[in-house]
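Please look over the structure below before reading on. The paragraphs that follow start from the protein as a whole and then turn to individual elements and residues.

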Amino acid sequence: MTTNLARYAVYALALFACIGAGALRAEDYPVRPVRIIVGFPPGAAGDLISRALAPHLGNALGQQFIVENRPGASSNIATEYAARAPKDGYTLFLGTVANVVNAAVSSNLSFDFSKDFAPIALAATVPVVLVVHPSTGANSVSELIALAKSKPDQMNYASSGVATTPHLAGALLNIRAGIKLQHVPYQGASPAVTDLLAGRTQVMFSAVSVVLPHIKAGTLKALAWAAPKRSKVLPDLPTVAEVGLPELDASIWFGLMAPAGTPKDVLDKLARTLNAALKSEALQRQLETMGYEPLGGTPADFTRYVDSELRKWTVAVEAAGVKK
């Protein structure tokens with residue numbers, strides 16, 4: 001009996017060692033709660049979508065998925081923490097467009113976003129729309145470009161701050177269209193929209209949830225979706241690609257990632273689970289009600305997307321002159 005107990009004890013220790021090292025097979029994963037590290041405070045867009053996804057992942061995989069907020073430094077604090085986490089699938093990270101912008105802007109980060117993370121799958125996007133004040137008289141992107149060319153350095157565009165996606169999208173518009181809109185940064189989207197509504201600025205790239213009431217009221221004019229596809233909320237509005245400027249996709253995207261080196265079979269299992277959740281009517285309704293558009297895809301799809309985003313925003317950063 002003593003010999004058998006000793007043998008069982010050895011087996012148990014070996015099992016716990018495997019669990020601690022993340023060495024269980026993918027079909028056994030997960031055997032304990034999983035954390036999703038988010039670089040934004042509670043209530044922010046990244047936090048809200050993480051909390052929407054977590055219960056669906058947890059229910060499908062039989063373990064709790066816990067959202068852990070580590071805000072600060074434009075999400076760089078959370079990014080560094082997640083990059084150094086064990087590569088066992090029990091610490092995940094919510095990657096966002098802010099990460100590729102930070103990588104393009106800063107050359108002295110303590111991590112390499114493109115190398116230190118393994119993409120799992122894109123989760124959702126918040127559509128961005130290009131809007132103008134009605135006083136411009138522009139009813140299309142081509143009319144806006146023609147107007148800006150006729151008034152070099154006399155028109156401006158608002159943004160929610162220096163090196164934000166609205167700022168850099170405007171810089172890309174200047175490059176691709178050959179115009180010279182002047183950048184006016186604000187401390188957040190709300191004051192930027194306030195001045196746009198007052199006519200003190202003329203142009204802005206904005207999350208549609210922020211400006212949709214003003215578009216419907218006629219106090220702002222929407223010209224195009226700065227997104228890869230049209231949105232249900234304004235189905236007749238063309239995309240930037242449809243008007244010949246595909247580089248102006250300024251979508252605010254969110255995707256699930258893990259520290260690089262996490263076993264591929266674990267990544268694949270998470271990707272399958274996330275994709276199944278995103279196809280469920282319940283989650284789709286929840287996300288669409290919150291203003292998100294569900295995405296999905298494979299780890300390879302997400303990897304290619306991150307690479308393309310890095311290239312695009314690097315060009316925009318150089319044009320805007322905000323490289324650090």
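For the charge count used here, Lys and Arg are taken as positive and Asp and Glu as negative, while His and the chain ends are left out. On that basis the protein carries 29 positive and 24 negative charges, and the mean positions of the two sets are 1 Å apart. The model is a predicted one, and its C-alpha atoms fill a box of roughly 90 × 40 × 30 Å when this is taken along the principal axes. Within it there are 12 helices and 11 strands, and 50% of the 324 residues count as buried. The accessible surface comes to about 14,400 Å², with 56% of it belonging to carbon and sulfur atoms. Of the contacts between residues at least 6 apart in sequence, 76% join residues at least 24 apart.

How far the prediction can be relied on locally is a matter of its confidence values. The pLDDT of the protein averages 90, and 92% of the residues score at least 70. Confidence is highest in strand E1 (residues 34-38), at a mean of 98, and lowest in helix H1 (residues 2-21), at 45. Over residues 5-22 the pLDDT is below 50, and this stretch has 10 contacts in the model beyond near neighbours in sequence. The loop between H1 and E1 contains Pro30, which is joined to Tyr29 by a cis peptide bond with an omega of about -5 degrees.

Further along the chain, the loop between strand E2 (65-69) and H3 holds Ser74, a residue that is not a glycine and yet has a positive phi of about 55 degrees. Ser74 is partly exposed, as its relative accessible area is 45%. Asn76, by contrast, belongs to helix H3 (residues 76-83) and counts as buried because its relative accessibility is 15%, which falls under the 20% cut-off. Apart from neighbours within four places in sequence, Asn76 is in contact with Asn102, Leu109 and Phe111. A positive phi is also found at Ala163, about 70 degrees and again not at a glycine, in the loop between strand E6 (156-159) and helix H7 (165-177).

Strand E3 (residues 91-96) includes Phe93, which counts as buried because its relative accessibility is 1%. Leaving aside neighbours within four places in sequence, the contacts of Phe93 include Ile37, Ala78, Ala82, Phe113 and Phe117, as well as Gly255, Leu256 and Met257. Phe93 and Met257 are 164 residues apart along the chain, but their C-alpha atoms are separated by 5.0 Å.

Helix H9 (residues 208-217) offers a case in which burial can be followed around a helix axis, for Val208, Val211, Leu212 and Ile215 are buried there. These residues lie on the same side of H9 because they cover an arc of only 135 degrees around the axis. What is found on the other side of H9? There Pro213 and Ala217 are exposed. The buried residues of H9 pack against two strands that come before the helix in the numbering, E5 (128-132) and E8 (203-207), as well as against helix H8 (189-197) and strand E9 (221-225). After H9 comes Gly218, with a positive phi near 85 degrees.

Definitions and conventions. Residues numbered from 1 in each chain as written. Predicted model: local features only at pLDDT ≥ 70, side-chain atom pairs only at ≥ 80, totals over all residues. Heavy atoms only, no water. Buried < 20%, exposed > 50% of the residue type's maximum accessible area, 1.4 Å probe, protein only. Helix = DSSP H or I, 4+ residues; strand = E, 2+ residues; numbered from the N terminus. Arc of directions from axis to C-beta. Contact = heavy atoms within 4.5 Å. pLDDT = per-residue confidence, 0-100. Areas by Shrake-Rupley, 256 points an atom, 1.4 Å probe, with all protein chains shown as cover. Charge placed at Lys NZ, Arg CZ, Asp CG, Glu CD.
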